[in-house]
Amino acid sequence: MPVSLHTTTGKASFDDIYERPDPRAYYARMSELDYRIPELAKPHFERFIADHRVATGIAAPTVLDIGCSYGVNAALLRLDLTMAELAEHYREFSEPDARTADLIAHDRELLAARDRLPGVRFLGMDASSPALDYGRAAGFLHGTVHADLEAADPTEAQRRILARADLVISTGCVGYITERTLLRVARAHGGKLPWMAHFVLRMYNFEPISAHLAALGYRTEHVPGLHRQRRFASADEQQRVLDTLAANGIDPEGHESDGWLYAQLYLSRPKFSVATEH
């Protein structure tokens, strides 16, 4: 499958697999690259949701996943599956005559049988309309926003959906999005600031974003630890990322130099909220 590169950092782009009517090609390609950050993020998101419940008293929170594609984080959290199990699930529908409608029906049945977070609502925001459509049709997402908030403010209809979110999560979109998107999401709430949890690749500096969030009323915590995102898609991608890391003064030895992209977790809460040790 052809791979294009993100122009500023050298990170590979997989735009083609996000434009399919269902996620079979997505999971097949991500499986080849040992894509695992949503799975590694899952326990952190579960704890973040639990902490939010304790701190706010909101028993049935709404979670907005920015860059959600086909509702991957929602599927992992609600079905309590691994990335490998999800990939195998979609491989079962790899026959040429398998229809997207059949896959949607199967996903809805699976979700009805084993939804482990029935009290949590999931919203998805992404630049891919087909991916959002699938996530909503399959039932993983309760609502969606198809928008590029880097370029413009949300419409009033989009703002009303964004305003439902109590928590905001992401597992790799920071770098493609900046503080422009995150501030527009935060400001959609009319003064209420949603909690945020972002897994950010090491090549991207989150400090400028956290400074903007601080001005809005957030306190950001960098959670210690590094998390493998996926293997590099090519030697060219690895070299370009290594060059970006070097330019930013980040030592890749033992991490990106070994063939993996690595991410860090940043938690941003309103300054008046209760922090929980992690």
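These exercises work through cysteines, a sheet and a helix in one predicted model.

Residues are numbered from 1 along each chain as its sequence is written. The model is predicted, so local features need pLDDT of at least 70, side-chain atom pairs count only at pLDDT 80 or more, totals for chains, interfaces and linings use all residues, and side-chain values use heavy atoms, with hydrogens and water left out.

**Exercise 1. Cysteines**

Find how many disulfides the structure holds, and explain the result for Cys 68.

Solution.
- Step 1. Set the criterion: a disulfide is a pair of cysteine sulfur atoms within 2.5 Å.
- Step 2. Search the whole structure: the count is zero.
- Step 3. Check the distance. The cysteine sulfur closest to that of Cys 68 belongs to Cys 173, and at 9.6 Å it is too far for a bond. Seen from Cys 173, the closest sulfur is that of Cys 68.
- Step 4. Check burial. Buried means under 20% relative accessible area, exposed over 50%, and partly exposed in between (1.4 Å probe, protein chains only). Cys 68 is buried at 1%, and Cys 173 is buried at 10%.

**Exercise 2. Strand E3 and its neighbours**

Describe the cover of E3 and name the strands that pair with it.

Solution.
- Step 1. Define the elements. Helices (H or I, at least four residues) and strands (E, at least two) are DSSP runs, numbered from the N terminus. E3 spans residues 62–66.
- Step 2. Count the cover: five of the five residues in E3 are buried.
- Step 3. Split by face. In a regular strand the side chains alternate between the two faces of the sheet. Thr 62, Leu 64 and Ile 66 take one side of E3, Val 63 and Asp 65 the other, and all are buried.
- Step 4. Look at Thr 62. Its relative accessibility is 9%. Contact means heavy atoms within 4.5 Å. Leaving aside neighbours within four places in sequence, the contacts of Thr 62 include Arg 121, Leu 123 and Asp 166.
- Step 5. Find the partners. Two strands pair if DSSP finds at least two bridges between them. E3 runs parallel to E4 (residues 121–126), with five bridges; Val 63 faces Phe 122 there. E3 also runs parallel to E6 (residues 167–171), with three bridges; Asp 65 is opposite Ile 169.

**Exercise 3. The whole sheet**

Give the strand order and identify the edge strands.

Solution.
- Step 1. Read the order: seven strands form an open sheet, E5-E4-E3-E6-E7-E9-E8, with mixed pairing.
- Step 2. Find the edges. E5 (143–146) and E8 (218–231) each have a single partner strand, so one side of each lacks a neighbour in the sheet.
- Step 3. Take the twist. Neighbouring strands are turned by 20 degrees against each other on average, direction ignored. Axes are lines fitted to C-alpha atoms, for helices over the stretch in contact, and angles run from 0 to 180 degrees between N-to-C directions.
- Step 4. Add the helix. H3 (residues 72–79) packs on the sheet and touches E3, E4 and E6, with its direction at about 160 degrees to that of E4.

**Exercise 4. Helix H10**

Work out which residues of H10 are buried and how they are arranged.

Solution.
- Step 1. List the buried residues: Glu 237, Gln 238, Val 241, Leu 242, Thr 244 and Leu 245.
- Step 2. View down the axis. The buried residues fall within an arc of 160 degrees, so they line one face of H10. The arc is that of the directions from the helix axis to the C-beta atoms.
- Step 3. Turn to the other side: Ala 235, Ala 246 and Ala 247 are exposed.
- Step 4. Move just past H10: Gly 249 has a positive phi of about 75 degrees.
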